[in-house]
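Reader: Could you walk me through this model at a relaxed pace? I would like to ask about one thing at a time.

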Amino acid sequence: MIRREELLPLHDGALAAWYKEKPAQVEPGADLRSLILAQHFCNFSLWNHEDEARRRDVADAYIAETKRAIDKWNQKRNDFIEKIDLHLLEQLKGCDTSKARLNSETAGSMVDRCSILALKIHHMGINAARKDDLEVAVQSAGKLKVLRVQRDDLSGCLQDLLEDYAAGRRYFKLYRQYKAYNDPRLNPALYGRKS
């Protein structure tokens, strides 16, 4: 299991390292920490591709290539959410949930949302420190405070969910994403074009 005191510094520390020297990939091991880092790297990669996709000073082919990369990273991101859930469910499998309430969101989804909030906090912090535009800096500083509260709330809810699962009060299930748009056999825009 992972506690919020570990999760938030794990996300923040990884971003600090990756923005200094971006690795080509973050390969997961069998442990939860490495799965969380691999999933976080997907969000890190998505964030940077999304920024690139909004450029107006590049050829349309570059934007198309970037959008295709976004699809691939998003698929990996969702796959890792499921792997995190599987790992946690394996750790919790001995818990009696016969009288527990079903939680609508999975722990893996909450880890993903904490990852995205870490990215928002990182980038809003950069904008809050800007010297070239005081108005942007002041607005960003206000937003940064809100984002930190939101991440603290969410990571607390994640910790509560895991503790409640262990105590038999709440549980979550593995929910498969089944992203059809990346599968040429399931996306009608792709399979419908076969001659």
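**Rings, helices and cysteines**

Author: Happily, and let me begin with the rings: this predicted model holds 6 aromatic pairs. One of them joins F41 and F44, with 5.6 Å from centre to centre and 35 degrees between the planes. Ask away!

Reader: Is the pair of F41 and F44 stacked, tilted or edge-to-face?

Author: The planes of F41 and F44 stand 35 degrees apart. Stacked would need an angle under 30 degrees and edge-to-face one over 60. The pair F41 and F44 is therefore neither of these, and counts as tilted.

Reader: How far apart are F41 and F44 in terms of helical turns?

Author: Both F41 and F44 are buried, and both belong to helix α2. Because they are 3 residues apart in that helix, the separation is about one helical turn.

Reader: What kind of pair do Y165 and F172 form?

Author: Y165 and F172 are both buried. Their ring centres are 5.5 Å apart, with 65 degrees between the planes. An angle over 60 degrees is the cut-off here, so the pair Y165 and F172 is edge-to-face.

Reader: Which residues are linked into a cluster by ring pairs?

Author: F41 and F44, the tilted pair, belong to this cluster too. Ring pairs link them with others, and the full set is W18, Y19, F41, F44 and W73.

Reader: Which charged residue sits over the ring of W73?

Author: There are two such arrangements to look at here. The charged end of K83 sits over the ring of F80, 5.0 Å from its centre. Over the ring of W73, at 4.5 Å from its centre, sits the charged end of K76.

Reader: Stepping back, what pattern does the protein chain follow along the sequence?

Author: The protein chain has 6 helices and 2 strands. Its C-alpha atoms fill a box of roughly 55 × 55 × 25 Å along the principal axes. Read along the sequence, the pattern is α-α-α-β-α-α-β-α.

Reader: What share of the contacts between residues at least 6 apart in sequence join residues at least 24 apart?

Author: The protein chain has 195 residues, and 39% of them count as buried. Among its contacts between residues at least 6 apart in sequence, the share that joins residues at least 24 apart is 72%.

Reader: How far apart are the end C-alpha atoms of helix α1?

Author: Helix α1 covers residues 4-20, which makes 17 residues. At 1.5 Å a residue, it should span 24 Å. The model agrees with this, as the end C-alpha atoms are separated by 25 Å.

Reader: Within what arc do the buried residues of α1 fall?

Author: The buried residues of α1 are L7, L8, L10, H11, A14, L15 and W18. Seen down the axis, they line one face of the helix, because they fall within an arc of 155 degrees.

Reader: Which helices do the buried residues of α1 pack against?

Author: On the other side of α1, E5 and K20 are exposed. The buried residues of α1 have helix partners: α2 (32-53), α4 (107-128) and α5 (134-167).

Reader: Is I70 buried or exposed, and which residues does I70 contact beyond its sequence neighbours?

Author: I70 lies in helix α3. Its relative accessible area is 8%, so I70 counts as buried. Leaving aside neighbours within four places in sequence, its contacts are L46, H49, E50 and A53.

Reader: What does E82 touch?

Author: E82 is also placed in helix α3. With a relative accessible area of 9%, E82 is buried. Not counting residues up to four places away in sequence, E82 touches L174, Y175, R176 and Q177.

Reader: How far is D79 from Q39 in space?

Author: D79 lies in helix α3, which covers residues 60-91, and is partly exposed at 32% relative accessibility. D79 and Q39 are 40 residues apart in sequence. In space, C-alpha to C-alpha, the distance is 8.4 Å.

Reader: Last one from me: how many disulfides are there?

Author: A disulfide needs two cysteine sulfur atoms within 2.5 Å. For C95 the nearest cysteine sulfur, that of C157, is 19 Å away. For C157 the nearest, that of C114, is 9.2 Å away. Neither C95 nor C157 is in a disulfide, and the count for the model is 0.

Conventions: Residues are numbered from 1 along each chain as its sequence is written. This is a predicted model: local features need pLDDT of at least 70, side-chain atom pairs count only at pLDDT 80 or more; totals for chains, interfaces and linings use all residues. Side-chain values use heavy atoms; hydrogens and water are left out. Helices (H or I, at least four residues) and strands (E, at least two) are DSSP runs, numbered from the N terminus. Buried means under 20% relative accessible area, exposed over 50%, partly exposed in between (1.4 Å probe, protein chains only). Contact means heavy atoms within 4.5 Å. The expected span of a helix is 1.5 Å times one less than its number of residues. The arc is that of the directions from the helix axis to the C-beta atoms. Rings of Phe, Tyr and Trp (its six-membered ring) pair if their centres lie within 6.5 Å; planes under 30 degrees apart count as stacked, over 60 as edge-to-face and the rest as tilted. A charge sits over a ring if NZ of Lys or CZ of Arg is within 6 Å of the ring centre and within 35 degrees of the ring normal.
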